[in-house]
Amino acid sequence: RVEIVAFFDRKILTTIKETPIIEYSTIEKSELTVIDKIRDTLVKVGDTLKLYDILFLPGRHQFLAISNTPLLNLFTVMKEIQSLEIEIHGHICCNTSIEDALDYETGKKDLSIQRAKAVYDYLVKKGINPKRMKYKGFGKQFPLNDEKTTYEMQRNRRVEIKIVNK
């Protein structure tokens with residue numbers, strides 16, 4: 001059993017609508033890694049892969065430590081498949097409208113964009129050619145569910161990778 005406990009500044013939590021992720025058990029452990037998904041011959045140009053395990057601090061575009069492995073996996077597959085071009089999509093949850101949420105780091109309503117850009121910046125910093133990637137934020141335009149539970153909120157708060165070229 002693994003238990004992860006997170007402590008946040010109470011003042012910050014009272015102003016953030018996103019529910020912080022406190023335990024790992026809500027992430028689908030049985031899902032294939034991004035490396036396995038992209039290597040799969042069934043994955044083709046135009047397909048979109050959901051990466052639920054790239055997580056952020058609530059209301060921010062700063063990665064949680066749990067995101068290190070999936071980010072490294074994404075970097076590894078980008079390095080391995082030199083023809084791979086992707087579009088990084090950011091999605092948020094817990095907003096009352098479909099528009100984007102406030103990013104407490106930028107002070108602007110661009111949280112989903114900044115989260116997609118954070119993944120892009122990570123890959124560029126690791127040496128991936130920026131011409132192979134684009135990023136977009138979709139706010140809460142494309143929820144996967146109604147967000148009645150913390151798990152459903154987490155599923156909507158995600159990063160997706162669209163395969164542009166393989």
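A polar contact, as I shall use the term, is a pair of N or O atoms within 3.5 Å, where, within protein, one atom must be able to donate a hydrogen and the other to accept it. Please keep that in mind as we look at this predicted model.

I begin with Asn129, which sits in the loop between α4 and β3 (133-137). Its side chain reaches the backbone nitrogen of Lys131 at 2.9 Å. Asn129 has a relative accessible area of 38%, so this residue is classed as partly exposed. Its C-alpha atom lies 9.7 Å from that of Glu85, although the two residues are 44 apart along the chain.

Let me turn to the interior. The largest nonpolar core has 28 residues, and those touching the most other members are Leu74, Ile86, Ile88, Val119 and Leu123. Two or more residues each are given to this core by α2 (34-39), β1 (48-51), α3 (68-80), β2 (85-90), α4 (111-125) and β4 (159-165). The largest share, 6 residues, comes from α4.

Which residues does Ile88 contact, beyond its neighbours within four places in sequence? They are Ala116, Val119, Tyr120, Leu123, Met133, Lys134, Tyr135, Lys136, Val159, Glu160 and Ile161.

Finally, the cysteines. A search of the whole structure finds 1 disulfide. Cys93 and Cys94 form this link, with their sulfur atoms 2.3 Å apart. The angle about the S-S bond is -70 degrees, and the link is left-handed. Are these two cysteines buried or exposed? Cys93 is buried, because its relative accessible area is 3%. Cys94, at 14% relative accessibility, also counts as buried, because the cut-off for that class is under 20%.

How values were computed:
Residues numbered from 1 in each chain as written. Predicted model: local features only at pLDDT ≥ 70, side-chain atom pairs only at ≥ 80, totals over all residues. Heavy atoms only, no water. Core = buried A, V, L, I, M, F, W, Y, C linked by side-chain atoms within 4.5 Å. Buried < 20%, exposed > 50% of the residue type's maximum accessible area, 1.4 Å probe, protein only. Helix = DSSP H or I, 4+ residues; strand = E, 2+ residues; numbered from the N terminus. Contact = heavy atoms within 4.5 Å. Disulfide = S-S within 2.5 Å.
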